[in-house]
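Here is a friendly walk through one protein and the ligand it holds. Have the sequence and the 3D view open as you read.

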Amino acid sequence: MSEHVSDSAEWQSLQGHAEKFSAVHLRDLFGSDPGRGERLTAKVAGLTVDYSKNLVTDEVLSSLVALAERAGLRERIAAMFAGEHINVTEDRAVLHTALRLPRDATLVVDGQDIVAEVHEVLRRMGSFSDKVRSGEWTGHTGQRIKTVVNIGIGGSDLGPVMAYEALKAYKTPDIECRFISNIDPTDLYEKTHDLDPATTLFIIVSKTFGTQETLTNATEARNWLLASLKDDAAVAKHFVAVSTNAQRVADFGIDTANMFGFWDWVGGRYSLPSAVGLSVMVAIGREQFADMLAGYHAVDEHFRTEPLERNVPALLGLINVWYDTFLGAQSHAILPYSQYLHRFAAYLQQLTMESNGKSVRLDGSPVTFQTGEVYWGEPGTNGQHAFYQLIHQGTKLIPADFIGFARPNHDIGGMHDLFMSNFFAQTGALAFGRTLDQVEAEGTDPAVAPHRVMQGNHPTTTILADKLTPSILGQLIALYEHITFTEGTIWQINSFDQWGVELGKVMANQLAPKLTGSSAAADDDSSTNNLIKLYRAVRGR
Ligand code: F6P
């Protein structure tokens, strides 16, 4: 392998394909190959993935697979699953896949029996959530818990809230979950002001238990609880913690008997299947949580074992690299046709952008190409009436993933068929558009006709599943985790650290005393100094 994948013959070959690619249109690719739709459709567990409407030829696909071989993707996959310390900047294993290994699997890493530890935490989570769901776990005054409030941010929030929303059709009606993440006090206010402290349970989720937002919200939540229950002993019945740091949990005042652990080899953005998903387990129950883990595992096994040319996450990751690095795309749209998946794009933003928003390679050298797409999106059909116009007729290359389900979670009249007819229509319209001839043949005013032409050739991937279930949600998340991994491997970056975010955290802590007036405000840059002066004036400091 050449030192940098970007210096390889395989990379140059793709650059050659890219230079010629403006002449290729999906109309021609489909016209010359009537079987393309079926041929470029693959199955991974319960997900059918049609990647035929992407701007790829067979030559491009095989060049991408050759690039993956050159980048050592197969070896990197094996290294991740085996627990090698592939997160080199933090000297850590990357083992979120171990969180969903079945109980009878074996994995010992760094002397640790990983499977036994994972299942011991799952057992404790199961026992706790059984008690909360059955009413055996009561609050300080003996009343059963009606609301679970998850306090966490980033990976300690986005996964739980996304999964809770996605799986609402499977939750117990007896318990509502809410999620507080922002240090903006309005978030805490809005999520607590109508709750009864006696029936509220807080789950404080923080891998480090050192995150400013989470500790501040947790402190104020405790104040809110004690203002009403007026007994410090109430904390033990109304606060549990999820963390890797038992000492800090104890320092905060939460009994470590009520702490659910995880490990430094679980990155925050990959942590939903760990104890971080406790609120989801309380909502849907331990069996359905186990179904979600089994769904993840099915896709993990596919990624670990399938040859690259049939490996769906690898192929989709490679196609993303093709768009981003070789064809110059800047963003990637996530368009789930399920209202329950309304937080899925936000979840994927952290997964993909915190992972692959990097500009130096593993060896410390700067990259010389585009990495990390901007992920964004909203559920269809809402997005159709908002931003789809730009995808249809704008000037930008925006690959889009359409995610849909054959069966709805709630079948009302003929709504689901109408909903899905939009789903199928959009990818066809984006791919094939409408030519000037077609528009003119409809008798359109010649002055208006050019405006009604749709060039088409806008790439999409369609992911179709039977129904949104816990298992299917796990499969979808694992699919995107491994897509992200594949891209990071080709780019030779570390997808598992986030030093950029860490800098912002340090600077916010340094600035805080300057806002309250407890330290001088004028030793930053002139812009920041001026803004702080204006802020302090309004706050009377
Ligand atoms: O946003 C940066 C980050 O470090 C994320 O990676 C992480 O998910 C989040 O902060 C929260 O961290 P913690 O779980 O330690 O509170």
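Let us begin away from the ligand, with Asn457: its relative accessible area is 18%, so this residue is buried, the cut-off being under 20%. Bear in mind as you look around that this is a predicted model. Asn457 sits in the loop between helix 19 (449-452) and strand 13. Its backbone deserves a glance too, since phi is positive, at about 65 degrees, although Asn457 is not a glycine.

Phe209 is another residue with a backbone of this kind: phi is near 55 degrees, a positive value in a residue other than glycine. You will find Phe209 in the loop between strand 7 (200-205) and helix 9 (212-229). Is Phe209 buried or exposed? Phe209 counts as buried because its relative accessibility is 2%, and the cut-off is under 20%.

One peptide bond also calls for a look. The bond from Gly380 to Thr381 is cis, with omega near 5 degrees. Thr381 belongs to the loop between strand 11 (374-376) and helix 16 (388-393).

**The ligand and its surroundings**

Now turn to the ligand. How many residues surround the ligand? There are 15, and the closest are Ser156, Ser206, Thr208, Thr211 and Glu354. By type, the shell divides into two nonpolar, nine polar and four charged residues. Helix 15 (344-356) and helix 21 (499-516) each contribute at least two residues to this shell. Helix 21 gives the most, with three residues.

Several side chains place a polar atom by an oxygen atom of the ligand, and the table lists the separations.

| Side chain | Partner | Distance |
|---|---|---|
| Thr208 (N or O atom) | oxygen atom of the ligand | 2.6 Å |
| Thr211 (polar atom) | oxygen atom of the ligand | 2.5 Å |
| Gln350 (polar atom) | oxygen atom of the ligand | 3.3 Å |

Alongside these contacts, how much of the ligand does the protein cover? On its own the ligand has 390 Å² of accessible area, and the protein covers 90% of that. The space that the ligand takes up is the largest pocket.

**Three more places to visit**

Back in strand 13, which spans residues 460-467, you can pick out Thr462. With a relative accessible area of 10%, Thr462 falls under the 20% cut-off and is therefore buried. If you trace from Thr462 to Leu327, you cross 135 residues in sequence, while the two C-alpha atoms are 20 Å apart in space.

Gly72 lies in the loop between helix 4 (58-70) and helix 5 (73-82). Why does Gly72 count as buried? Its relative accessible area is 10%, and buried means under 20%, so Gly72 qualifies. Gly72 and Glu378 are 306 residues apart along the chain, and their C-alpha atoms are separated by 35 Å.

Finally, find Lys237 in helix 10 (residues 235-238). Is Lys237 buried or partly exposed? Lys237 has a relative accessible area of 30%, so it is partly exposed, the class between buried (under 20%) and exposed (over 50%). From Lys237 to Tyr189 there are 48 residues in sequence and 21 Å in space, C-alpha to C-alpha.

Notes:
Residues are numbered from 1 along each chain as its sequence is written. This is a predicted model: local features need pLDDT of at least 70, side-chain atom pairs count only at pLDDT 80 or more; totals for chains, interfaces and linings use all residues. Side-chain values use heavy atoms; hydrogens and water are left out. A residue is near a molecule or strand if one of its heavy atoms lies within 4 Å of it. A polar contact is a pair of N or O atoms within 3.5 Å; within protein, one must be able to donate a hydrogen and the other to accept it, and residues adjacent in sequence count only if both atoms are side-chain atoms. Accessible areas come from the Shrake-Rupley method with a 1.4 Å probe; for residues, only the protein chains shown count as cover. On a 1 Å grid over the protein atoms alone, a cavity is a set of points where a 1.4 Å probe fits but cannot get out, and a pocket is an open set with protein on both sides within 12 Å along at least five of seven lines; lining residues have an atom within 4 Å of a point. A molecule sits in a cavity or pocket if more than half of its atoms lie within 2 Å of its grid points. Helices (H or I, at least four residues) and strands (E, at least two) are DSSP runs, numbered from the N terminus. Ala, Val, Leu, Ile, Met, Phe, Trp, Tyr, Cys and Pro count as nonpolar, Asp, Glu, Lys and Arg as charged, and the others, Gly among them, as polar. Buried means under 20% relative accessible area, exposed over 50%, partly exposed in between (1.4 Å probe, protein chains only).
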